[in-house]
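Please work through the exercises below with the sequence and the 3D structure open beside you, and try each task before you read its solution.

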Amino acid sequence: MKTIKIAPSILSADFSKIGEEVRDITLNGADVIHLDVMDGNFVKNISFGPKFIKDVRPYSKAVFDAHLMILNPQNYVDRFADAGADIITVHHEACGDNLLNVLKQIKSLNVKCGAVINPDTPVEKIKSVIEYCDMILLMSVFPGFGGQKFIPEVLPKIEEVANHINKLGLDIDVEIDGGITKDNVKSVKDAGANVIVAGSTVFNEKDRRKIIEELRTI
Ligand code: DX5
Ligand code: ZN
């Protein structure tokens, strides 16, 4: 069994005190800080860019996981690497046939890389690049906003990716992102996900240590 890592998404944090928020979730057990980067084009929302991540970086030693929901990510990955991202994930839907090249570009920056697919994109679309990735991110909501409802149809896709990784015999994380709560976290772990993103579930809870621990152990 792979180690479960909890990755709060700071999209649901209070940006007016973001350094403190990131320090707080780290001290309360977050393994990964999930950074949702949105450009207002690939998704209908705008969040933050590399300067924001660079400024937040000193507040935590946890893994910085930059989820790029942007068009033409190849033009920006170097800036996210400079900002202190430890892993950068890019969407199949944004890269198309260029996905493998962008993943290799990220690797060349000495940063881990991952491929992401939306809920309605079949695993088949990224199967050939899985072996080049450090992590595969499966969206369980359509990207753009926190606080949406989990789409259970993603569960067989988690199994499909996890089985493929097992067959390859490689150590690749499977991350799930969107609508994760105490009620569905067991189902995604059982399917094979080991990096659990949770935005609203963590930030809407007063006792962050308790909710992070619950997401880890349920
Ligand atoms: C959606 C983002 C998610 C989102 C998760 O576009 O990629 O990371 O912020 O938020 P919750 O956990 O509230 O669905
Ligand atoms: Zn995300």
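The exercises that follow concern a predicted model, and each solution goes step by step.

**Exercise 1. A helix and its surroundings**

Task: Find out whether the length of helix α6 agrees or disagrees with what its number of residues leads one to expect, and then list which residues of α6 are buried and what they pack against.

Solution: Begin with the extent of the helix, for α6 covers residues 155-168, which makes 14 residues. The expected span is 1.5 Å times one less than the number of residues, so at 1.5 Å a residue α6 should span 20 Å. The C-alpha atoms at its two ends are 20 Å apart, and the expectation is therefore met.

Next, turn to the side that is covered by the rest of the protein: L155, K157, I158, V161, A162, H164 and I165 are the buried residues in α6. These buried residues pack against three strands, β5 (112-117), β6 (135-139) and β7 (173-177), and against one helix, α7 (185-191).

Finally, look just past the end of α6, where G169 takes a positive phi of about 70 degrees.

**Exercise 2. The surroundings of ligand 1**

Task: Describe which residues come nearest to ligand 1, which polar atoms lie close to its oxygen atoms, and how much of its area the protein buries.

Solution: First, collect the shell, which holds 20 residues around ligand 1, and note that D36, G144, D177, G199 and S200 come nearest.

Second, look for polar atoms beside the oxygen atoms of the ligand. A polar backbone atom of G144 is 2.7 Å from an oxygen atom of ligand 1, and a polar backbone atom of G179 is 2.8 Å from an oxygen atom of ligand 1. From S200 it is a polar side-chain atom that lies 2.5 Å from an oxygen atom of the ligand.

Third, consider the area: ligand 1 taken alone exposes 380 Å², and the protein buries 100% of that. The elements that give two or more residues to the shell are β2 (32-38), β3 (63-69) and β8 (195-198), and β2 provides the largest share, with three residues. Sorted by character, the shell consists of eight nonpolar, ten polar and two charged residues.

**Exercise 3. Two loop residues in contact**

Task: Decide whether N118 is buried or exposed, do the same for P143, and find which residues each one touches.

Solution: Start with N118, whose place is in the loop between β5 and β6. Its relative accessible area is 10%, and because buried means under 20%, N118 is buried. Apart from neighbours within four places in sequence, N118 is in contact with H91, E93, M139, P143 and K157.

Continue with P143, which sits in the loop between β6 and α6 and, at 16% relative accessibility, also counts as buried. Residues up to four places away in sequence are again left out, and P143 then touches V43, M69, H91 and N118.

**Exercise 4. Positive phi outside glycine**

Task: Compare N72 and N110 by giving the phi, the loop and the exposure of each.

Solution: Recall first that most residues other than glycine have a negative phi. N72 has a positive phi of about 50 degrees although it is not a glycine, and N110 has a positive phi near 65 degrees.

Then place them: N72 is found in the loop between β3 and α3 (77-83), whereas N110 lies in the loop between α5 (99-108) and β5. Lastly, N72 is partly exposed, with a relative accessible area of 40%, while N110 is exposed, with a value of 74%.

Conventions
Residues numbered from 1 in each chain as written. Chains lettered and ligands numbered in written order. Predicted model: local features only at pLDDT ≥ 70, side-chain atom pairs only at ≥ 80, totals over all residues. Heavy atoms only, no water. Helix = DSSP H or I, 4+ residues; strand = E, 2+ residues; numbered from the N terminus. Buried < 20%, exposed > 50% of the residue type's maximum accessible area, 1.4 Å probe, protein only. Contact = heavy atoms within 4.5 Å. Near = heavy atom within 4 Å. Polar contact = N/O pair within 3.5 Å; in protein donor to acceptor, adjacent residues only side chain to side chain. Areas by Shrake-Rupley, 256 points an atom, 1.4 Å probe, with all protein chains shown as cover. Nonpolar A, V, L, I, M, F, W, Y, C, P; charged D, E, K, R; others polar.
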